[in-house]
Amino acid sequence: MIRFAKNENIDRDMWDAAVMQSSQPMMYAMSWYLDLVAPGWNGLIEDNYQCVMPLVEAKKTGVHYLFQPPFCQQLGVYGKEISAETVKRFLLAIPHKYRFTEIMLNESCPVNVPGVEMLTNITLQLGCDIEKIRTGYNENTRRNIRKAARNGLSVHKGFDIETIISLFKNNKGEALGKHESWYSTLKTLSFQLRHLGLANTYCALNQHNEITAGILLVEFEGRAVLLFSGSGNEARKTGAMHFLIDSILADICTTHQLFDFEGSNNENLAKFYLGFGGKLSNYPFIRINRLPLCVRWMKGKGLSLR
């Protein structure tokens, strides 16, 4: 039986144990991570925490709805031996008070109902030496790494998250419509991940030792996740991001199993990541629309759950 549990009634240890039973446990669904990015989250729990599914809610104009919190690429159902029937049971168990739902499930969640949209993730298998990985680079990636060498770039591993956030904010943040609350969540999350020993930053330095690009890398269960990055105009001219990812791969290639680029559904960004020999995988995006008929059409049809 699947039950709905309010945040304060969830056993954190048992929840996290269920997530870790998954064939592909991800940090996004761990209780401590959800506490940072979505305080007050609730959940669906099957039996004695056999399987779990986080629910993050909000309310607008009197309507309760579920959404994907920031910095959580893949949520959905976690536990041992997740089947399409298991996923469907969880989707049907979402309380009807939530009139609208838009959430991403995880790669291990098979969904066999009409109306599912598949999103793109890109990962790179590690566990070998860097020269073997570099054989998978395309010519554009190699050319930009050579450009970075000609420009005298160097790499610094530390924790320069505030500088990286500033680079992002000054170059992309406004165009992407990011609000101050988003930056605040990112900063808090970053420092907590650092405190837990799960995060570092890698920065590209120019010949004046100025940071021109940076990446926040989070490591969880052998999976290295490119959680956030920022760069300026100079970085685009010097091949800094290509150089930076190559430097990270060289540093972690024998100590981790997988490098997760976290996407992307943006065609240009996907092309950039695939240039390192990354492979495409998919994860489901689901919409459940229970809005009144008069406004339902505005948000799309959604899944056909029976």
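Visitor: Which residues lie nearest the centre of the largest pocket, and what makes a residue part of its lining?
Guide: L176, E262, S264, L269 and Y273 lie nearest the centre of the largest pocket, which is lined by 39 residues. A pocket is an open set of points on a 1 Å grid over the protein atoms alone, with protein on both sides within 12 Å along at least five of seven lines, whereas a cavity is a set where a 1.4 Å probe fits but cannot get out; a lining residue has an atom within 4 Å of a point. This is a predicted model, in which local features need pLDDT of at least 70 and side-chain atom pairs count only at pLDDT 80 or more, while totals for chains, interfaces and linings use all residues. Residues are numbered from 1 along each chain as its sequence is written, and side-chain values use heavy atoms, with hydrogens and water left out.

Visitor: What is the volume of the largest pocket, and which element gives the most to its lining?
Guide: The volume, which is the space filled by probe spheres set on the grid points, comes to about 1500 Å³. Strand β12 gives the most to the lining, with six residues, and α5 (139–150), α6 (161–173), α8 (233–238), α9 (240–252) and α10 (267–274) are among the elements that each supply at least two. Helices (H or I, at least four residues) and strands (E, at least two) are DSSP runs numbered from the N terminus.

Visitor: How do the residues of that lining divide by class?
Guide: They divide into 21 nonpolar, 13 polar and five charged, where Asp, Glu, Lys and Arg count as charged and Gly is among the polar ones.

Visitor: Why is α5 described as roughly perpendicular to α9?
Guide: The two helices pack at an angle of about 95 degrees, with their axes 8 Å apart. Angles from 65 to 115 degrees count as roughly perpendicular, those under 35 as roughly parallel, those over 145 as roughly antiparallel and the rest as oblique, and therefore α5 is roughly perpendicular to α9. The contact, which means heavy atoms within 4.5 Å, is made by N140, T141, N144, I145 and A148 of α5 together with H242, F243 and D246 of α9. By class, this contact has three nonpolar, four polar and one charged residues.

Visitor: What makes β4 and β9 the edge strands of the ten-stranded sheet?
Guide: Two strands pair if DSSP finds at least two bridges between them. The open sheet has the order β4-β5-β7-β14-β8-β13-β12-β11-β10-β9, with mixed pairing, and β4 (57–60) and β9 (154–158) each pair on one side only. The twist averages 25 degrees from one strand to the next.

Visitor: How do you know that β11 and β12 pair, and in which sense?
Guide: β11 (residues 211–220) and β12 have eight bridges in the antiparallel sense, and E219 stands opposite A224 in β12. Helix α6 packs on this sheet, touching β10 (199–205), β11 and β12, and its direction makes about 55 degrees with that of β12; such angles run from 0 to 180 degrees between N-to-C directions.

Visitor: Why is one side of β1 and of β6 left without a neighbour in the sheet?
Guide: In the open four-stranded sheet, the order is β1-β2-β3-β6, with antiparallel pairing. β1 (2–5) and β6 (78–79) stand at the edges, each with a single partner strand, and therefore one side of each has no neighbour in the sheet. β1 pairs with β2 (residues 42–46) over four bridges, with F4 opposite L44.
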